[in-house]
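Colleague: Please walk me through this structure, starting with its helices and then moving on to its sheet.

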Amino acid sequence: MAWQKRIQPIAIDQFYRKCWPEAKVIELDLDKRSTLAQQIDMGGADKMLKFPGGGLAFLAQRFRRSYQARYDDFTLRESRPSGRPTEWGKLLAALTGCGFLAGYYVYGHVNEREDGFIRMRILKLRELLEALSRGEFLMHYGNNPDGSSTFAYLPFKSIPAQYLLLDFTEGDSQGKLL
């Protein structure tokens, strides 16, 4: 979608560089035919951070439009009528199968002009999923009214701060780097 491409540089400049100032942000638009590309895709990674010493970190990301900001939830598609793999299923399979899993999940709501963000959270993905698997808190489930999918969601207010790297709300000039 065109609006998501426009918002990418803003996310990088305002948030990724704040959290990882020394890292180079690399887009992962991979040819899904290779085994490595399939593993990276199944682990949710959309971006790679390359650090000066050679270290790597991977980010999953999802940006939602402003009208969806009323849902202040971490939401992932859980199932589709077609049976195609979903974000929730891929992440759980990576966690339980000891597969590749993106280290962070970037979740933001863009403003109405689609030139900035109303909210942005960066979750410590593996730690959050492990806490969910231990039953520390529970995902909720819902259905899209159009029947296109079911989804799993977790209200951000119920996510303990230890699972957040960044919590930004518009008007907060700095955001909380936790």
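**Reading helices and a sheet**

Modeller: Let's begin at a helix end: after α4 comes Gly135, with a positive phi near 80°. Keep in mind as we go that this is a predicted model.

Colleague: Thanks! Which residues of helix α4 are buried?

Modeller: The general idea first: an α-helix has 3.6 residues a turn, so residues three or four places apart point the same way. In α4, which spans residues 125–133, the buried residues are Leu125, Leu128, Leu129, Ala131 and Leu132. Viewed down the axis of α4, they fall within an arc of 160°, so these buried residues line one face of the helix.

Colleague: And what do the buried residues of α4 pack against?

Modeller: Their partners are four strands, β4 (73–79), β5 (104–110), β6 (117–124) and β8 (150–155), together with the helix α3 (87–96).

Colleague: Let's try the same reading on the other helix. Which residues are buried in α3?

Modeller: Trp88, Lys90, Leu91, Ala94 and Leu95 are the buried ones there. Around the axis they cover an arc of only 165°, which puts them on the same side of α3. The buried residues of α3 pack against α2 (35–42) and α4, and also against the strands β4, β5, β7 (140–143) and β8.

Colleague: How should I describe the way α3 and α4 meet? At what angle do their axes cross?

Modeller: For a helix pair, look at the distance and the angle together. The axes of α3 and α4 come within 11 Å and cross at roughly 85°. Angles of 65 to 115 degrees count as roughly perpendicular, and α3 and α4 are therefore roughly perpendicular to each other. On the α3 side, Trp88, Leu91 and Leu95 take part, meeting Leu125, Arg126, Leu129, Glu130, Leu132 and Ser133 of α4. By type, the residues of this contact are six nonpolar, one polar and two charged.

Colleague: Now the sheet, please. What is the order of its three strands?

Modeller: With a sheet, read the strand order, then the edges, then the twist. This open sheet runs β4-β8-β7, with antiparallel pairing. Its edge strands, β4 and β7, each pair on one side only. On average, neighbouring strands are turned by 30° against each other, ignoring direction.

Colleague: How many bridges join β7 to β8?

Modeller: Four bridges link this antiparallel pair, and Gly142 stands opposite Phe151 in β8.

Colleague: Which strands does α3 touch where it packs on the sheet?

Modeller: α3 touches β4, β7 and β8, and its direction makes about 90° with that of β4.

Conventions
Residues numbered from 1 in each chain as written. Predicted model: local features only at pLDDT ≥ 70, side-chain atom pairs only at ≥ 80, totals over all residues. Heavy atoms only, no water. Buried < 20%, exposed > 50% of the residue type's maximum accessible area, 1.4 Å probe, protein only. Helix = DSSP H or I, 4+ residues; strand = E, 2+ residues; numbered from the N terminus. Arc of directions from axis to C-beta. Contact = heavy atoms within 4.5 Å. Pairing = 2+ DSSP bridges. Axes fitted to C-alpha atoms, helices over the stretch in contact; angles between N-to-C directions. Parallel < 35°, antiparallel > 145°, perpendicular 65-115°, else oblique. Nonpolar A, V, L, I, M, F, W, Y, C, P; charged D, E, K, R; others polar.
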